[in-house]
Each structure stands twice: as structure tokens, then as C-alpha cells.
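Me: Please take a close look at one part of this predicted model, the open sheet and what packs against it. I would like a connected account that then follows the packing outward to the rest of the chain.

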Amino acid sequence: MLVANLNRERIDAFIAERGPEYRCPECEGVVILKKGRKVIDHFAHKPPTDCSWASGETRAHLEAKLLVAKALAGRGLRAEVEFVVNTLPGDRRADVIAWSPNGRQIAFELQHTPIDLNEIESRASSYARAGIVQI
Ligand SMILES: [Zn+2]
């Protein structure tokens, strides 16, 4: 995951530094900051864990989230990766969320592996109920 908590404040892995104790925003378990030339800066749960946010994400998915967020920020929009939307069921994180100039939230879900139409519809209607546009 690209985001953790430090002293209950959200922090992105790319600006985090080694040393402090970072916590998972979901389970509050300790997470380890991973940085290096072969990995995208990210946080990983300290094993053992049964946290639903501990599932391995591909490098491609992590990179895609960062690219979309940076592209949006480059256009002057506030954009955050792995943003928690409390009204969504299940894993409540939007891959990327941006705020339009009028304050409207726009969620970007990045999907590379196939998911069925029911899941796509369910996700879209959850966002719609929360008043969030989903792309
Ligand atoms: Zn966790």
C-alpha cells in the first residue's frame, strides 16, 4: 500500500523516511516502509497479519495509482491515492481520488485483472450513493 499513518496522520510512502513506526490505516498494525531501486515506495504489513489491506498488489497497480495521482496533481487538482471513502462497503479505498475545482470528488478505480460485471456495477452504485463520480 502507498499510504500509512504516522501519529494518526496520513503519509505517502514516497515522502516517508525510515525510522518512525508507521501504522496501517485499516488495522493499525505496524507496517514497514519499503524503499529501493527495484520497488515502488510502499508499506507492507509486518507478518503475521490477517488485515484485508495486506493483500499483495502488483507493481503495475501501485505504479498506475501514482501515475494517475501525479497526472491529476500536475493539472492543479488535489489528488490522493488509496483514499478511504467510509460509505463504501468492503475495502473502502478508492485507488485515486481527486477533487474538482467545485469540490466534487471523482474516484479513479484502476483495474487490470478481469472482474465480473456485477462487481463493476456494485462498485459504481456504491460510489453513486456516496455522491462520488467514478471513472
Ligand atoms: Zn492493516
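Reply: Ala107 stands opposite Gln134 in β9, and this pair belongs to a stretch in which β8 and β9 run parallel to each other, joined over 2 bridges. The two strands are part of an open sheet of 4 strands, whose order is β6-β7-β8-β9 and whose pairing is mixed. Because β6 and β9 (133–134) stand at the edges and have a single partner strand each, one side of each is left without a neighbour in the sheet. Helix α1 packs on this sheet, where it touches β6, β7 and β8, and its direction makes about 150° with that of β6.

The packing can be followed further into the largest nonpolar core, which has 21 residues, and in which Leu2, Val3, Ala4, Phe43, Val96 and Ile97 touch the most other members. At least two residues of this core come from each of β1 (3–6), α1 (59–74), β6 (78–84), β7 (93–99) and β8 (105–108), while the largest share, 4 residues, is supplied by β7. Since domain 1 (3–47) and domain 2 (59–134) both give residues to this core, the core lies between them.

Val3 shows this at the level of one residue: leaving aside residues up to four places away in sequence, Val3 touches Arg10, Ile11, Asp12 and Pro25, and also Val81 and Glu82. For the two domains as assigned, the C-alpha centres lie 20 Å apart, and 4 residues of domain 1 are in contact with 7 residues of domain 2. The side of domain 1 that touches domain 2 consists, by class, of 3 nonpolar residues and 1 polar residue, with no charged residues.

Beyond the open sheet, there is further strand pairing to consider. Strand β3 (residues 22–23) pairs with strand β4 (residues 30–34) in the antiparallel sense over 2 bridges, and Tyr22 has Val31 in β4 as its bridge partner. The hairpin of β3 and β4 has 6 residues between the strands, and in this hairpin Glu28 takes a positive phi near 65°. On β4 there is also a pairing with strand β5 (residues 42–45), again antiparallel and made through 4 bridges, in which Ile32 stands opposite Ala44 of β5. Phe43, named above among the core residues that touch the most other members, falls within the residue range of β5.

Definitions and conventions:
Residues numbered from 1 in each chain as written. Predicted model: local features only at pLDDT ≥ 70, side-chain atom pairs only at ≥ 80, totals over all residues. Domains from an automatic or database assignment. Contact = placed C-beta atoms within 7 Å. Nonpolar A, V, L, I, M, F, W, Y, C, P; charged D, E, K, R; others polar. Pairing = 2+ DSSP bridges. Core = buried A, V, L, I, M, F, W, Y, C linked by C-beta atoms within 7 Å. Buried ≥ 20, exposed ≤ 12 C-beta atoms within 10 Å, placed from the backbone. Axes fitted to C-alpha atoms, helices over the stretch in contact; angles between N-to-C directions.
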